[in-house]
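These are my notebook entries on packing and ring contacts, written while going through the coordinates. The structure is shown first, and the entries follow.

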Amino acid sequence: MSESPAARLQKLFEGHRLTPTQRRIAHCMVRGAADVPFLSSVELAELAGVSQPSVTRFAVALGFDGYPALRRYLREVAPAERAETVDSDSYNSYQQAVEGEIENLRRLVAVLAEPGPVEEAGRLLAGSTPLPVLGLRAASSQARGFAYFAGKVHPDVRLLDEGGSMLADRIDAAVGSGASALLCFALPRHPREVVEALRYAREAGLTVVTVADSAFAPVAHHSDLLIPAPVGTGLAFDTACAPMLLGRVLLEAMADALPQAQARLEDFDAKAAARGLFVE
């Protein structure tokens, strides 16, 4: 599978230490990868909500003489013309939101074309007992869903979905019980508490695996392995189909790395049947 424009842009930004404003520009460019090569610096600045000089400084930070040089480069690595899109005027706002999520899933497909990071994450999560799973506010449902299913194949999963002063205590308890890794779901708006918790977890010796909406999210500098999955912004509240699906992919990778995963699943099914837990 050939790389998408978004994936190529992602590689361009990797390895550069960007300021928060520059991360905002980068995130905006990845989201609109097909259109960015045709935008002026003023148009990109307006799209990202930054100043035009910020766009120029961003291009220089990437190693280009200025924005024109960056745009020429983008036109060389991006498709020669804009991809054909369905006429959005024929869709209502609800349909447009769904179309946006479909595009987010396509971007996730491009990310997963290289399975190495997911497989490495699976090994890290499988090797940590206990396994703390962190997700606050908007990301709490993602963390809870992962923890629910992970508990069927992993011997000790600890859900961290509430903030407060006890969060560090629970991280300490996990480390004291032998944890070696922590999985974090981080979605916008990013709570300061999550950033602080990841910093604390790494200082405590944990390897942090993060699912975030962007490789340039505030949690990026406090993650050892970050896999991006974009969120939809077409409705009043963000939608997170891609992060949820990526969580299930990580579950699969973790289960593949757990020798007793199948036996645990079969044991659960037998006990569930004996208890009449589910209605057939």
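Is F146 buried or exposed? I looked it up and found F146 buried, with a relative accessible area of 0%, where buried means under 20% relative accessible area, exposed over 50% and partly exposed in between, with a 1.4 Å probe and protein chains only.

Before going on I noted that this is a predicted model, in which local features need pLDDT of at least 70 and side-chain atom pairs count only at pLDDT 80 or more, while totals for chains, interfaces and linings use all residues. Residues are numbered from 1 along each chain as its sequence is written, and side-chain values use heavy atoms, with hydrogens and water left out.

Entry on the cores. I took a nonpolar core as a set of buried Ala, Val, Leu, Ile, Met, Phe, Trp, Tyr and Cys residues joined through side-chain atoms within 4.5 Å. The largest one has 32 residues, of which F146, L183, F185, L250 and M254 touch the most other members. Among the elements that give two or more residues to this core are helix 8 (140–150), strand 3 (181–186) and helix 11 (241–257), with helices and strands read as DSSP runs (H or I, at least four residues; E, at least two) numbered from the N terminus. Helix 11 gives the most, with six residues. I also noted a second, separate core of 27 residues, which includes L44, A48, V50 and A69.

Entry on F146. Leaving aside residues up to four places away in sequence, I listed its contacts (heavy atoms within 4.5 Å), and F146 touches, among others, L125, L131, V133, L183, F185 and M254.

Entry on aromatic pairs. I paired rings of Phe, Tyr and Trp (its six-membered ring) if their centres lie within 6.5 Å, calling planes under 30 degrees apart stacked, over 60 edge-to-face and the rest tilted; the count comes to six pairs. The rings of F13 and F216 have centres 5.4 Å apart and planes at 70°, so I entered the pair as edge-to-face. Because F13 lies in helix 1 and F216 in the loop between strand 4 and strand 5, this pair ties together parts that are 203 residues apart in sequence. Both F13 and F216 are buried. For F146 and F185 the centres are 6.0 Å apart and the planes at 55°, so that pair is tilted; it links F146 in helix 8 with F185 in strand 3, 39 residues apart. F185 is buried too, with a relative accessible area of 1%.
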